[in-house]
Amino acid sequence: SGHMGERFGLMRFRIGLKVSGGRLEYPVLSGRVLGVPLPGFLLPRSTTWESVDAEGRAGFDARLDLPLGGHVVTYSGWLLPDDAPPPG
């Protein structure tokens with residue numbers, strides 16, 4: 001369907017799944033708090049992506065910002081199987 005759901009306590013979000021430039025991106029499409037829809041200007045802003053490099057390692061970079069609260073979290077890294085060489 002091109003989207004997935006995430007739940008954080010009393011909040012629920014519909015997250016898009018979009019391929020752009022060889023990466024999978026996750027924009028926030030809609031949200032609800034206690035079942036009440038959030039207006040678009042109150043939705044968190046996600047600049048999050050995942051990709052696979054030439055050696056088959058899955059990398060990710062996530063950033064979440066709130067329109068009224070500013071920056072919430074940033075994290076990045078690699079997901080590696082036990083037998084994969086480390087990145088870099």
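**Strands and a buried aspartate in a predicted model**

Let me begin with strand β9 and strand β10, the latter covering residues 70-79, which pair in the antiparallel sense over nine bridges. Please keep in mind throughout that what we are looking at is a predicted model. The connection from β9 to β10 is a hairpin that runs through three residues, and, within this pairing, L66 stands opposite G70 of β10.

Staying with β9, which spans residues 58-66, I would like to turn to D65, a residue found in that strand. Is D65 buried or exposed? Its relative accessible area comes to 16%, and because buried here means under 20%, D65 is counted as buried. As for what surrounds this side chain, there is a polar contact of 3.2 Å between the side chains of D65 and H71. If we leave aside the neighbours within four places in sequence, the residues in contact with D65 are P44, R45, G70, H71 and V72, so that H71 appears both in this list and as the partner in the polar contact.

Let me now move to another part of the model, where four strands form an open sheet, arranged in the order β1-β2-β5-β6, with antiparallel pairing. The edges of that sheet are β1, residues 3-8, and β6, residues 36-37, each of which pairs on one side only. Between strand β2, residues 11-16, and strand β5, residues 28-33, the antiparallel pairing runs over five bridges. Which residue of β5 is the bridge partner of M11? That partner is V33.

Methods. Residues are numbered from 1 along each chain as its sequence is written. This is a predicted model: local features need pLDDT of at least 70, side-chain atom pairs count only at pLDDT 80 or more; totals for chains, interfaces and linings use all residues. Side-chain values use heavy atoms; hydrogens and water are left out. Two strands pair if DSSP finds at least two bridges between them. Helices (H or I, at least four residues) and strands (E, at least two) are DSSP runs, numbered from the N terminus. Buried means under 20% relative accessible area, exposed over 50%, partly exposed in between (1.4 Å probe, protein chains only). A polar contact is a pair of N or O atoms within 3.5 Å; within protein, one must be able to donate a hydrogen and the other to accept it, and residues adjacent in sequence count only if both atoms are side-chain atoms. Contact means heavy atoms within 4.5 Å.
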